[in-house]
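Colleague: Got a minute to walk me through the strand pairing and the odd backbone angles in this one?
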Amino acid sequence: MKKVDYIIVGLGIAGISFCEQLQKHGKSFVVIDNGAEGSTAKSGGVFNPTVLKRFTAAWNASAFFPVAVDFYNQISEKLKQKIFTETPILRIFKSVEEQNNWSVAGDKKELKTFLSSDFLKNTNPAIEAPLGFGKVLGTAQINTNNLLSGYRNYLKEEDALLAEDIQYEAIQQKGNSVVYKNISAKKIIFSEGAKAIENPFFPSRAIIGNKGEYTVIKAPELKLNALLKGPMYVIPLGNDEYKVGATFCRNDYTLNSTETAKDEILSKLKTFINCSFEVIGQTAGVRPTTKDHRPLLGVLDENPNLVFFNGLGTHGFLMAPLLSEILYKHLEEDVFLTKDLHIKRTKNWK
Ligand SMILES: Cc1cc2nc3c(=O)[nH]c(=O)nc-3n(C[C@H](O)[C@H](O)[C@H](O)COP(=O)(O)OP(=O)(O)OC[C@H]3O[C@@H](n4cnc5c(N)ncnc54)[C@H](O)[C@@H]3O)c2cc1C
(Lines give C-alpha, C1' and ligand atoms only; values in the text may rest on other atoms or scores of the structure.)
Protein backbone atom coordinates (compact mmCIF):
# COMPACT_ATOMS: atom_id res chain seq x y z
CA MET A 1 0.00 0.00 0.00
CA LYS A 2 1.42 3.41 -1.02
CA LYS A 3 0.84 5.99 1.76
CA VAL A 4 0.51 9.69 0.91
CA ASP A 5 -0.96 12.75 2.61
CA TYR A 6 -3.33 13.60 -0.27
CA ILE A 7 -4.88 12.19 -3.43
CA ILE A 8 -5.88 14.89 -5.93
CA VAL A 9 -8.44 14.12 -8.63
CA GLY A 10 -8.14 16.43 -11.66
CA LEU A 11 -5.16 18.35 -12.98
CA GLY A 12 -6.55 21.68 -14.20
CA ILE A 13 -5.57 24.98 -12.61
CA ALA A 14 -7.31 24.01 -9.35
CA GLY A 15 -5.43 20.70 -9.06
CA ILE A 16 -2.09 22.24 -10.04
CA SER A 17 -2.47 25.08 -7.53
CA PHE A 18 -3.24 22.63 -4.75
CA CYS A 19 -0.26 20.41 -5.70
CA GLU A 20 1.95 23.48 -5.36
CA GLN A 21 0.59 24.20 -1.88
CA LEU A 22 1.34 20.64 -0.84
CA GLN A 23 4.87 20.82 -2.24
CA LYS A 24 5.49 24.08 -0.42
CA HIS A 25 4.55 22.46 2.87
CA GLY A 26 6.39 19.18 2.28
CA LYS A 27 3.24 17.04 1.97
CA SER A 28 3.16 13.94 -0.23
CA PHE A 29 0.49 13.37 -2.88
CA VAL A 30 -0.64 11.43 -5.93
CA VAL A 31 -2.69 12.99 -8.75
CA ILE A 32 -5.32 11.08 -10.71
CA ASP A 33 -6.14 12.71 -14.03
CA ASN A 34 -7.56 11.16 -17.17
CA GLY A 35 -5.79 13.53 -19.59
CA ALA A 36 -9.06 14.68 -21.17
CA GLU A 37 -8.83 18.39 -21.87
CA GLY A 38 -10.82 20.31 -19.25
CA SER A 39 -11.73 23.95 -18.87
CA THR A 40 -8.13 25.05 -18.25
CA ALA A 41 -6.99 23.50 -21.55
CA LYS A 42 -9.90 24.96 -23.51
CA SER A 43 -9.82 28.43 -21.95
CA GLY A 44 -8.54 31.64 -23.47
CA GLY A 45 -5.76 31.81 -20.88
CA VAL A 46 -6.49 35.47 -20.20
CA PHE A 47 -5.26 36.62 -16.79
CA ASN A 48 -7.50 39.58 -16.04
CA PRO A 49 -8.34 41.18 -12.68
CA THR A 50 -11.19 43.26 -14.17
CA VAL A 51 -14.62 42.75 -15.71
CA LEU A 52 -14.66 44.75 -18.92
CA LYS A 53 -18.36 44.69 -19.63
CA ARG A 54 -19.11 47.09 -16.80
CA PHE A 55 -15.58 48.34 -15.91
CA THR A 56 -15.46 46.81 -12.46
CA ALA A 57 -12.79 44.87 -10.59
CA ALA A 58 -13.21 41.10 -10.51
CA TRP A 59 -14.43 39.85 -7.13
CA ASN A 60 -11.64 40.16 -4.55
CA ALA A 61 -9.16 41.05 -7.32
CA SER A 62 -6.76 43.00 -5.11
CA ALA A 63 -6.26 39.94 -2.87
CA PHE A 64 -6.07 37.36 -5.67
CA PHE A 65 -3.84 39.37 -8.01
CA PRO A 66 -0.43 39.53 -6.24
CA VAL A 67 -0.57 35.89 -5.12
CA ALA A 68 -1.41 34.76 -8.65
CA VAL A 69 1.38 36.80 -10.29
CA ASP A 70 3.96 35.25 -7.94
CA PHE A 71 2.48 31.80 -8.51
CA TYR A 72 2.74 31.94 -12.33
CA ASN A 73 6.24 33.41 -12.26
CA GLN A 74 7.42 30.71 -9.85
CA ILE A 75 5.81 27.87 -11.77
CA SER A 76 7.36 29.15 -15.04
CA GLU A 77 10.76 28.93 -13.38
CA LYS A 78 10.10 25.53 -11.88
CA LEU A 79 8.89 23.97 -15.16
CA LYS A 80 11.38 25.97 -17.27
CA GLN A 81 8.52 26.89 -19.59
CA LYS A 82 7.11 30.21 -20.76
CA ILE A 83 3.76 30.23 -18.97
CA PHE A 84 3.02 33.84 -18.02
CA THR A 85 3.46 36.65 -20.55
CA GLU A 86 2.42 40.12 -19.46
CA THR A 87 0.16 41.44 -22.24
CA PRO A 88 -2.14 44.46 -22.03
CA ILE A 89 -5.79 44.24 -22.95
CA LEU A 90 -7.04 46.93 -25.33
CA ARG A 91 -10.74 47.51 -24.72
CA ILE A 92 -12.45 49.10 -27.73
CA PHE A 93 -14.67 52.04 -26.73
CA LYS A 94 -18.17 51.84 -28.20
CA SER A 95 -19.25 55.36 -27.22
CA VAL A 96 -18.19 58.58 -25.56
CA GLU A 97 -20.32 57.53 -22.60
CA GLU A 98 -18.11 54.45 -22.21
CA GLN A 99 -15.01 56.64 -22.21
CA ASN A 100 -16.53 58.68 -19.38
CA ASN A 101 -17.48 55.53 -17.47
CA TRP A 102 -13.91 54.24 -17.87
CA SER A 103 -12.48 57.47 -16.39
CA VAL A 104 -14.88 57.33 -13.43
CA ALA A 105 -14.09 53.64 -12.83
CA GLY A 106 -10.34 54.25 -13.10
CA ASP A 107 -10.51 56.70 -10.16
CA LYS A 108 -11.83 53.97 -7.87
CA LYS A 109 -9.35 52.48 -5.42
CA GLU A 110 -9.76 48.88 -6.59
CA LEU A 111 -9.27 49.77 -10.27
CA LYS A 112 -6.62 52.50 -10.13
CA THR A 113 -3.75 50.11 -10.82
CA PHE A 114 -5.57 48.25 -13.60
CA LEU A 115 -7.31 50.84 -15.80
CA SER A 116 -4.85 53.20 -17.50
CA SER A 117 -6.08 56.80 -17.45
CA ASP A 118 -4.66 57.54 -20.93
CA PHE A 119 -6.86 56.59 -23.87
CA LEU A 120 -5.05 55.07 -26.85
CA LYS A 121 -5.72 56.11 -30.43
CA ASN A 122 -6.17 53.32 -32.91
CA THR A 123 -3.32 53.21 -35.45
CA ASN A 124 -4.00 49.69 -36.72
CA PRO A 125 -5.85 49.83 -40.08
CA ALA A 126 -7.14 46.27 -39.59
CA ILE A 127 -9.13 47.29 -36.48
CA GLU A 128 -12.32 49.38 -36.40
CA ALA A 129 -12.04 51.51 -33.28
CA PRO A 130 -12.78 55.17 -34.09
CA LEU A 131 -13.03 56.07 -30.38
CA GLY A 132 -9.82 54.27 -29.52
CA PHE A 133 -9.05 51.97 -26.61
CA GLY A 134 -8.83 51.85 -22.87
CA LYS A 135 -5.73 49.94 -21.80
CA VAL A 136 -5.91 47.40 -18.97
CA LEU A 137 -2.67 46.92 -17.03
CA GLY A 138 -1.46 43.94 -15.01
CA THR A 139 -3.04 41.51 -17.45
CA ALA A 140 -1.28 38.53 -19.00
CA GLN A 141 -1.61 35.52 -21.24
CA ILE A 142 -1.25 32.10 -19.63
CA ASN A 143 0.20 29.50 -21.96
CA THR A 144 -2.09 26.67 -20.87
CA ASN A 145 -0.42 24.09 -23.16
CA ASN A 146 2.95 24.68 -21.52
CA LEU A 147 1.42 24.76 -18.05
CA LEU A 148 -0.56 21.54 -18.40
CA SER A 149 1.97 19.48 -20.35
CA GLY A 150 4.85 20.80 -18.22
CA TYR A 151 3.07 19.90 -14.98
CA ARG A 152 2.05 16.46 -16.22
CA ASN A 153 5.65 15.68 -17.19
CA TYR A 154 6.90 16.95 -13.87
CA LEU A 155 4.46 14.68 -11.98
CA LYS A 156 5.44 11.71 -14.14
CA GLU A 157 9.11 12.25 -13.25
CA GLU A 158 8.12 12.37 -9.57
CA ASP A 159 6.07 9.18 -10.02
CA ALA A 160 3.06 11.11 -8.70
CA LEU A 161 0.58 10.78 -11.62
CA LEU A 162 -2.00 8.06 -12.24
CA ALA A 163 -3.22 8.77 -15.78
CA GLU A 164 -6.70 7.27 -15.61
CA ASP A 165 -10.38 7.95 -14.97
CA ILE A 166 -11.11 7.90 -11.25
CA GLN A 167 -13.37 5.02 -10.31
CA TYR A 168 -15.51 6.65 -7.65
CA GLU A 169 -16.87 3.29 -6.48
CA ALA A 170 -13.32 2.21 -5.57
CA ILE A 171 -12.95 5.03 -2.99
CA GLN A 172 -13.19 3.62 0.52
CA GLN A 173 -13.15 5.51 3.80
CA LYS A 174 -11.28 3.55 6.47
CA GLY A 175 -11.03 5.23 9.87
CA ASN A 176 -9.23 8.53 9.33
CA SER A 177 -7.95 7.52 5.89
CA VAL A 178 -9.20 7.30 2.33
CA VAL A 179 -8.14 4.26 0.35
CA TYR A 180 -8.15 4.17 -3.45
CA LYS A 181 -6.91 0.89 -4.95
CA ASN A 182 -3.38 0.52 -3.49
CA ILE A 183 -3.08 4.13 -2.27
CA SER A 184 -3.94 5.29 1.22
CA ALA A 185 -4.24 9.01 1.99
CA LYS A 186 -5.38 11.32 4.76
CA LYS A 187 -7.68 13.17 2.36
CA ILE A 188 -8.79 13.24 -1.24
CA ILE A 189 -9.24 16.55 -3.08
CA PHE A 190 -11.77 16.56 -5.90
CA SER A 191 -10.93 19.19 -8.54
CA GLU A 192 -12.57 17.81 -11.69
CA GLY A 193 -14.01 21.14 -12.91
CA ALA A 194 -17.44 20.83 -14.58
CA LYS A 195 -17.00 17.05 -14.76
CA ALA A 196 -17.72 17.02 -11.01
CA ILE A 197 -21.36 16.50 -11.94
CA GLU A 198 -20.37 12.85 -12.49
CA ASN A 199 -18.91 12.59 -8.96
CA PRO A 200 -21.44 10.81 -6.69
CA PHE A 201 -20.01 12.59 -3.61
CA PHE A 202 -20.43 16.06 -5.16
CA PRO A 203 -23.61 17.93 -4.22
CA SER A 204 -26.02 17.90 -7.14
CA ARG A 205 -26.80 21.31 -8.63
CA ALA A 206 -23.73 22.92 -7.01
CA ILE A 207 -22.06 23.44 -10.41
CA ILE A 208 -23.62 24.93 -13.50
CA GLY A 209 -21.67 24.07 -16.63
CA ASN A 210 -21.32 27.02 -19.00
CA LYS A 211 -20.06 26.00 -22.41
CA GLY A 212 -17.72 28.34 -24.27
CA GLU A 213 -16.50 28.08 -27.85
CA TYR A 214 -13.63 29.79 -29.66
CA THR A 215 -12.97 30.06 -33.37
CA VAL A 216 -9.30 30.04 -34.36
CA ILE A 217 -8.37 32.28 -37.29
CA LYS A 218 -5.27 33.09 -39.31
CA ALA A 219 -5.07 36.81 -40.10
CA PRO A 220 -1.64 37.90 -41.42
CA GLU A 221 -2.68 41.57 -41.75
CA LEU A 222 -3.98 41.92 -38.20
CA LYS A 223 -0.51 42.32 -36.62
CA LEU A 224 -1.79 42.37 -33.06
CA ASN A 225 0.51 42.05 -30.02
CA ALA A 226 -2.08 42.85 -27.35
CA LEU A 227 -5.28 41.14 -26.23
CA LEU A 228 -8.09 42.92 -28.05
CA LYS A 229 -11.52 43.19 -26.40
CA GLY A 230 -14.46 44.21 -28.53
CA PRO A 231 -17.76 42.30 -28.51
CA MET A 232 -15.44 39.25 -28.29
CA TYR A 233 -11.81 38.71 -27.29
CA VAL A 234 -9.13 38.37 -29.94
CA ILE A 235 -6.24 36.47 -28.36
CA PRO A 236 -2.87 36.30 -30.19
CA LEU A 237 -1.44 32.78 -30.43
CA GLY A 238 1.66 33.64 -32.51
CA ASN A 239 2.30 32.84 -36.16
CA ASP A 240 -0.56 35.24 -37.21
CA GLU A 241 -3.08 32.96 -35.49
CA TYR A 242 -5.73 34.17 -33.04
CA LYS A 243 -8.43 32.68 -30.84
CA VAL A 244 -11.69 34.62 -31.11
CA GLY A 245 -14.49 34.23 -28.57
CA ALA A 246 -15.79 32.94 -26.38
CA THR A 247 -19.51 32.19 -26.39
CA PHE A 248 -21.54 31.45 -23.23
CA CYS A 249 -24.13 28.70 -23.03
CA ARG A 250 -25.48 27.92 -19.55
CA ASN A 251 -26.29 24.35 -18.58
CA ASP A 252 -24.58 22.98 -21.67
CA TYR A 253 -21.97 20.30 -20.89
CA THR A 254 -21.37 19.13 -24.47
CA LEU A 255 -17.92 19.45 -26.02
CA ASN A 256 -18.73 19.51 -29.73
CA SER A 257 -18.06 22.60 -31.86
CA THR A 258 -21.20 24.16 -33.29
CA GLU A 259 -22.04 26.18 -36.41
CA THR A 260 -24.23 28.46 -34.24
CA ALA A 261 -21.26 29.49 -32.10
CA LYS A 262 -19.05 29.97 -35.16
CA ASP A 263 -21.66 32.21 -36.82
CA GLU A 264 -22.07 34.29 -33.66
CA ILE A 265 -18.31 34.71 -33.23
CA LEU A 266 -17.61 35.60 -36.86
CA SER A 267 -20.48 38.05 -37.17
CA LYS A 268 -19.27 39.87 -34.04
CA LEU A 269 -15.65 39.74 -35.19
CA LYS A 270 -16.54 41.42 -38.48
CA THR A 271 -17.90 44.44 -36.57
CA PHE A 272 -14.42 45.39 -35.33
CA ILE A 273 -11.92 43.72 -37.68
CA ASN A 274 -11.78 44.66 -41.34
CA CYS A 275 -8.89 42.57 -42.68
CA SER A 276 -9.21 39.21 -44.36
CA PHE A 277 -8.83 36.04 -42.31
CA GLU A 278 -9.14 32.30 -42.65
CA VAL A 279 -10.91 30.09 -40.12
CA ILE A 280 -8.49 27.31 -39.15
CA GLY A 281 -10.14 25.73 -36.12
CA GLN A 282 -12.73 25.76 -33.38
CA THR A 283 -12.61 24.61 -29.75
CA ALA A 284 -15.14 24.11 -26.96
CA GLY A 285 -14.94 23.74 -23.18
CA VAL A 286 -17.20 23.97 -20.13
CA ARG A 287 -16.68 26.55 -17.36
CA PRO A 288 -17.42 25.31 -13.83
CA THR A 289 -19.67 28.16 -12.67
CA THR A 290 -21.94 28.47 -9.62
CA LYS A 291 -25.22 30.29 -9.16
CA ASP A 292 -23.73 32.84 -6.75
CA HIS A 293 -20.51 33.24 -8.80
CA ARG A 294 -18.32 32.10 -5.90
CA PRO A 295 -16.01 29.08 -5.63
CA LEU A 296 -16.77 25.85 -3.78
CA LEU A 297 -14.21 24.79 -1.20
CA GLY A 298 -14.04 22.45 1.77
CA VAL A 299 -15.80 19.35 3.02
CA LEU A 300 -19.38 18.29 3.66
CA ASP A 301 -20.34 17.09 7.15
CA GLU A 302 -20.98 13.51 6.11
CA ASN A 303 -17.52 12.85 4.56
CA PRO A 304 -14.75 14.81 6.34
CA ASN A 305 -11.96 13.20 4.29
CA LEU A 306 -13.47 14.12 0.93
CA VAL A 307 -12.55 17.69 -0.02
CA PHE A 308 -13.81 19.84 -2.91
CA PHE A 309 -12.00 22.57 -4.84
CA ASN A 310 -14.26 23.75 -7.64
CA GLY A 311 -16.49 26.53 -8.95
CA LEU A 312 -13.69 28.65 -10.42
CA GLY A 313 -16.07 30.12 -13.00
CA THR A 314 -14.79 32.64 -15.51
CA HIS A 315 -11.75 33.93 -13.55
CA GLY A 316 -10.07 30.64 -12.64
CA PHE A 317 -6.52 31.78 -13.36
CA LEU A 318 -6.81 34.77 -11.09
CA MET A 319 -8.44 32.97 -8.18
CA ALA A 320 -6.92 29.46 -8.01
CA PRO A 321 -3.52 30.30 -6.44
CA LEU A 322 -4.88 32.16 -3.38
CA LEU A 323 -7.86 29.81 -3.03
CA SER A 324 -5.50 26.84 -2.85
CA GLU A 325 -3.67 28.57 0.00
CA ILE A 326 -6.96 29.28 1.81
CA LEU A 327 -8.08 25.67 1.36
CA TYR A 328 -4.75 24.30 2.57
CA LYS A 329 -4.80 26.47 5.71
CA HIS A 330 -8.37 25.43 6.40
CA LEU A 331 -7.50 21.72 6.15
CA GLU A 332 -4.11 21.71 7.85
CA GLU A 333 -4.22 24.66 10.24
CA ASP A 334 -7.94 24.74 10.97
CA VAL A 335 -8.29 28.30 9.65
CA PHE A 336 -11.96 29.29 9.37
CA LEU A 337 -13.43 29.03 5.87
CA THR A 338 -15.93 31.82 5.23
CA LYS A 339 -19.45 30.93 4.18
CA ASP A 340 -19.13 32.56 0.76
CA LEU A 341 -16.38 30.05 -0.15
CA HIS A 342 -17.65 26.97 1.69
CA ILE A 343 -19.26 24.19 -0.30
CA LYS A 344 -21.69 23.65 2.58
CA ARG A 345 -23.68 26.67 1.43
CA THR A 346 -24.93 24.65 -1.56
CA LYS A 347 -26.89 22.28 0.67
CA ASN A 348 -30.30 23.74 -0.11
CA TRP A 349 -29.59 24.86 -3.67
CA LYS A 350 -32.32 23.86 -6.08
C1 LIG B 1 -14.09 28.69 -23.35
C2 LIG B 1 -13.53 29.06 -22.01
C3 LIG B 1 -12.77 30.22 -21.88
C4 LIG B 1 -12.24 30.56 -20.65
N5 LIG B 1 -11.41 31.64 -20.57
C6 LIG B 1 -10.84 31.97 -19.39
C7 LIG B 1 -9.91 33.01 -19.31
O8 LIG B 1 -9.53 33.59 -20.33
N9 LIG B 1 -9.41 33.34 -18.10
C10 LIG B 1 -9.76 32.67 -16.94
O11 LIG B 1 -9.27 33.01 -15.85
N12 LIG B 1 -10.62 31.63 -17.00
C13 LIG B 1 -11.17 31.27 -18.18
N14 LIG B 1 -12.03 30.23 -18.26
C15 LIG B 1 -12.40 29.56 -17.00
C16 LIG B 1 -11.27 28.62 -16.53
O17 LIG B 1 -10.89 27.81 -17.60
C18 LIG B 1 -11.76 27.79 -15.34
O19 LIG B 1 -12.16 28.63 -14.28
C20 LIG B 1 -10.66 26.86 -14.80
O21 LIG B 1 -9.83 26.41 -15.81
C22 LIG B 1 -11.26 25.68 -14.07
O23 LIG B 1 -10.20 24.85 -13.66
P24 LIG B 1 -10.42 23.49 -12.90
O25 LIG B 1 -9.07 23.00 -12.54
O26 LIG B 1 -11.41 23.68 -11.82
O27 LIG B 1 -11.12 22.50 -13.95
P28 LIG B 1 -10.52 21.84 -15.30
O29 LIG B 1 -9.56 22.72 -15.95
O30 LIG B 1 -11.71 21.38 -16.07
O31 LIG B 1 -9.71 20.57 -14.77
C32 LIG B 1 -10.32 19.38 -14.37
C33 LIG B 1 -9.38 18.22 -14.68
O34 LIG B 1 -9.95 17.04 -14.11
C35 LIG B 1 -9.89 15.98 -15.04
N36 LIG B 1 -11.00 15.07 -14.74
C37 LIG B 1 -12.33 15.34 -14.74
N38 LIG B 1 -13.04 14.25 -14.42
C39 LIG B 1 -12.14 13.27 -14.19
C40 LIG B 1 -12.26 11.89 -13.81
N41 LIG B 1 -13.46 11.33 -13.61
N42 LIG B 1 -11.13 11.16 -13.66
C43 LIG B 1 -9.91 11.71 -13.87
N44 LIG B 1 -9.74 13.01 -14.24
C45 LIG B 1 -10.84 13.78 -14.38
C46 LIG B 1 -10.06 16.69 -16.38
O47 LIG B 1 -9.60 15.90 -17.44
C48 LIG B 1 -9.23 17.95 -16.17
O49 LIG B 1 -7.88 17.68 -16.46
C50 LIG B 1 -12.53 29.80 -19.50
C51 LIG B 1 -13.26 28.63 -19.62
C52 LIG B 1 -13.74 28.25 -20.88
C53 LIG B 1 -14.50 26.95 -21.02
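Modeller: Sure. Two strands count as paired if DSSP finds at least two bridges between them. Keep in mind that this is a predicted model.

Colleague: Okay, how many bridges are there between β1 and β14, and in which sense do they pair?
Modeller: Seven bridges, in the parallel sense, with β1 covering residues 2-9 and β14 covering 183-190. Within that pairing, Y6 sits opposite K187 of β14.

Colleague: What about β13 and β14, parallel or antiparallel?
Modeller: Antiparallel, with three bridges linking β13 (residues 177-180) to β14. V178 has A185 in β14 as its bridge partner. The hairpin they form has two residues between the strands, and K181 takes a positive phi near 55° there.

Colleague: And which way does β22 run relative to β14?
Modeller: Parallel: β22 (residues 306-310) is joined to β14 by three bridges. For I188, the bridge partner in β22 is L306.

Colleague: Switching topic, where's the cis peptide bond?
Modeller: From G245 to A246, where omega is near 0°. A246 belongs to the loop between β18 (241-245) and β19 (249-250).

Colleague: What's the phi of D159?
Modeller: About 55°, so to speak on the positive side, although D159 is not a glycine. D159 is in the loop between α5 (144-157) and β11 (161-162).

Colleague: Why do you class D159 as exposed?
Modeller: Because D159 has 9 other C-beta atoms within 10 Å, and exposed means 12 or fewer.

Colleague: How about R205, what's its phi?
Modeller: Positive, about 70°, and R205 is not a glycine. R205 lies in the loop between β14 and β15 (208-218). With 13 other C-beta atoms within 10 Å, R205 is partly exposed.

Conventions. Residues numbered from 1 in each chain as written. Predicted model: local features only at pLDDT ≥ 70, side-chain atom pairs only at ≥ 80, totals over all residues. Helix = DSSP H or I, 4+ residues; strand = E, 2+ residues; numbered from the N terminus. Buried ≥ 20, exposed ≤ 12 C-beta atoms within 10 Å, placed from the backbone.
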